[in-house]
Amino acid sequence: MCGIFGYLGNKENSTEMVVEGLKRLEYRGYDSWGLASILQEKPAIEIVKKVGKISDFKGKKFAKSHIAIGHSRWATHGGVTQVNAHPQTSEKGGIAVVHNGIIENYQELREELAQEGHKFKSETDTEVIPHLIERYIELGFEKAFRKALARLKGRFAIVVVGEKQETIMAARRGSPMIVGKGKDEYFVASDIPAFLPYTRDVMYIDDNEMLIIKKNGEKAEINFFNLKDNSEIEKRIVEIDWDYTDAEKGDFDHFMLKEIMDQKETICRAINQDTKEIMKVAERIKGAYGTFLVGCGTAGKVCMAGDYFLSKIAQKHVNFVVASEFSAYHHFLTDKTLMVVVSQSGETADVLEAMEVAKKKGVQILSLVNVEGSSIQRQSDYSFLINAGPEKAVASTKAATSQLSLLLMIAYAVAGKLEEGRKLLIESASKINDMLNPRYLTYIKAVAEKIYEQENMYIIGKGENYPMALESAIKIQEVSYIHAEGFAAGELKHGPIALIEGGVPCLVLLSKDENYQDVINNAVELKSRGGYIIGISPENNEVFDQWIKVPDVNGASPIVNIIPVQILAYYLAVLRGKNPDMPRNLAKSVTVK
Ligand code: M6R
């Protein structure tokens, strides 16, 4: 995925604004970046492209400009080079394009254009777009853009500017893009935090729509069009309630730590839902002939925990499927099936594809998302916002515990015990609030100091803590690059215990429930093979070499148990000299398959 930001308005420092906007979107892609500004005085396009993180850019004075676009890249087609960074430009250089997504037929288009004499400079799929626009430019900028779009196959969010054009044009199909409306100015961006310092008024763009923002004297005008029939579309302005500071890391060294600490409040926000809506969904789950819980990565592990919640609390059998594997189950989908998708970003391509498979069979879709107006939310029949606020670190933390909380509450609603569930979650939230204090962080940092040079770690859990063992492994892997693996505690003796040797850190996730003694016995087995046992548990046990205390919250234990692991993963990354916010090879939202 990549980050896109564009500005057209009455401010003269649009280029600096784009640089700042891209810094706020850096979590979306951080291998290279670039921008194009329409210079006020020439007029000409100024292009800047750099390899590396935009946050490392110390800045220069840019020429005056009211119109600029920019892009932070996460490479898909073509290596990480300055030439491959966006914007990509046309043959004559007068048209500049930034793009998020994949143009599937770019090779065919490239060959076609090459035969007409077009020369390509980059290895990107994107470069065909400005060349195509230039091919049709005699029809006018707007028509040329439409003609070019008609030739593209695949997913995209595209923003284009042209020399001598007081215009920004953009189009969306399958990749996120939204518009912010300020006073006599418009922003177009991949995500809301990019323009939050300027406006909270948002206009959502649907797939197969394009927009044109034009400068008209001191004012700016915007028009939206349906790409299928060119008809004009009216858009509503939605005021979002995110605050600018929610999307900043403030005094924290990293977003990951800030977002971990946000969990003092986010659980309560997640469960603050309309009772009628929760009951409606509970009835839908009760009446469904087959319910599938679907997500990827951390959201997938949350779905797996949801499977346990529904079984244990509501005695309801549901199926957990990783989104990228969902199509294998298409035989079992009917118009009486319910699909529950969980996604922080609401833009994950594998989830969207699974939803397409389900929709073809008439399946009803409920989503739990964090990003309002995201593709997944808009394509769902019902949707709950988890209200965690912007999550910018690649590692999902507060979104995961919010999703777990909401799924747990839904399970209680299905069991006809909504108030009991709400009470348990409110009590858990209050205990999490107490737990997340500086002393707790210092304590876990000291545990991290003991183990950060290890290259392997294993995590075990049972029942609803088994998915959390898997989630713990993801957290540790993605930010510290330690090889971490999670197992169902009972599976150890069926193979994984062969991996245990002297001093290997083993995290043991426990809850004071019917599984407690079994898991302690498994920890004893690990210890007798030399494992260094770190117990994450409401009570201490002699088998632990280190004890990380968590509050006793009974059935909500996955929510509290994962938090110290998030903190541990954070410190492991920092102690190993890694930036936990921007792990190598990963992107915050995976909008490609
Ligand atoms: O935006 P989504 O929740 O759909 O993202 C799903 C996964 O890509 C995501 O959870 C990923 O596994 C995280 N980086 C894990 O921390």
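**Exercise 1. How many residue pairs are in polar contact across the interface of domain 2 and domain 3?**

*Before you start:* this is a predicted model, in which local features need pLDDT of at least 70 and side-chain atom pairs count only at pLDDT 80 or more, while totals for chains, interfaces and linings use all residues. Residues are numbered from 1 along each chain as its sequence is written, and side-chain values use heavy atoms, with hydrogens and water left out.

*Solution.*

1. Begin with the bounds, which come from an automatic or database domain assignment: domain 1 (3-240), domain 2 (249-435) and domain 3 (437-586).
2. Apply the polar contact rule: a pair of N or O atoms within 3.5 Å, where within protein one must be able to donate a hydrogen and the other to accept it, and residues adjacent in sequence count only if both atoms are side-chain atoms. The rule finds 14 residue pairs across the interface of domain 2 and domain 3, both residues at pLDDT 80 or more.
3. Now look at which helices of domain 2 take part. At least two residues each come from α5 (255-261), α6 (263-271), α8 (297-314), α11 (398-414) and α12 (418-435); helices here are DSSP runs of H or I with at least four residues, strands are runs of E with at least two, and both are numbered from the N terminus. The most comes from α8, with eight residues.
4. Finish with the area: about 3100 Å² is buried between domain 2 and domain 3, and carbon and sulfur atoms give 72% of that. Buried area is the accessible area (1.4 Å probe) that two parts lose on being put together, summed over both.

**Exercise 2. Find where the salt bridge partners Glu347 and Arg172 lie, and say whether they are buried or exposed.**

*Solution.*

1. Recall the idea: side chains of opposite charge can pair when their charged atoms come close. A salt bridge here is a side-chain nitrogen of Lys or Arg within 4 Å of a carboxyl oxygen of Asp or Glu.
2. For Glu347 and Arg172, the closest N and O atoms are 4.0 Å apart.
3. Glu347 sits in the loop between β18 (338-343) and α9 (349-360), and Arg172 in strand β8 (residues 167-173), so the pair links distant parts of the chain, 175 residues apart.
4. Glu347 and Arg172 are both buried, meaning under 20% relative accessible area, with exposed over 50% and partly exposed in between (1.4 Å probe, protein chains only).

**Exercise 3. Compare two further salt bridges, Glu478 with Lys475 and Asp552 with Lys512.**

*Solution.*

1. Glu478 and Lys475 meet at 3.4 Å, N to O. They are three residues apart in helix α14 (residues 465-480), which means about one helical turn separates them.
2. Glu478 is buried at 13% relative accessible area, and Lys475 is buried at 0%.
3. Asp552 and Lys512 meet at 3.9 Å, N to O. Their loops, β25 (546-549) to α16 (557-575) and β23 (505-509) to α15 (516-528), are where the pair ties together parts 40 residues apart in sequence.
4. Asp552 is partly exposed at 36%, and Lys512 is partly exposed at 42%.

**Exercise 4. Describe the surroundings of Phe62.**

*Solution.*

1. Phe62 lies in the loop between β3 (45-51) and β4 (65-73) and is buried, at 8% relative accessibility.
2. Beyond its neighbours within four places in sequence, Phe62 is in contact (heavy atoms within 4.5 Å) with residues including Thr15, Val19 and Leu35.
3. Thr15 and Val19 are among the buried residues of α1, a helix largely enclosed by the rest of the structure because eight of its 11 residues are buried.
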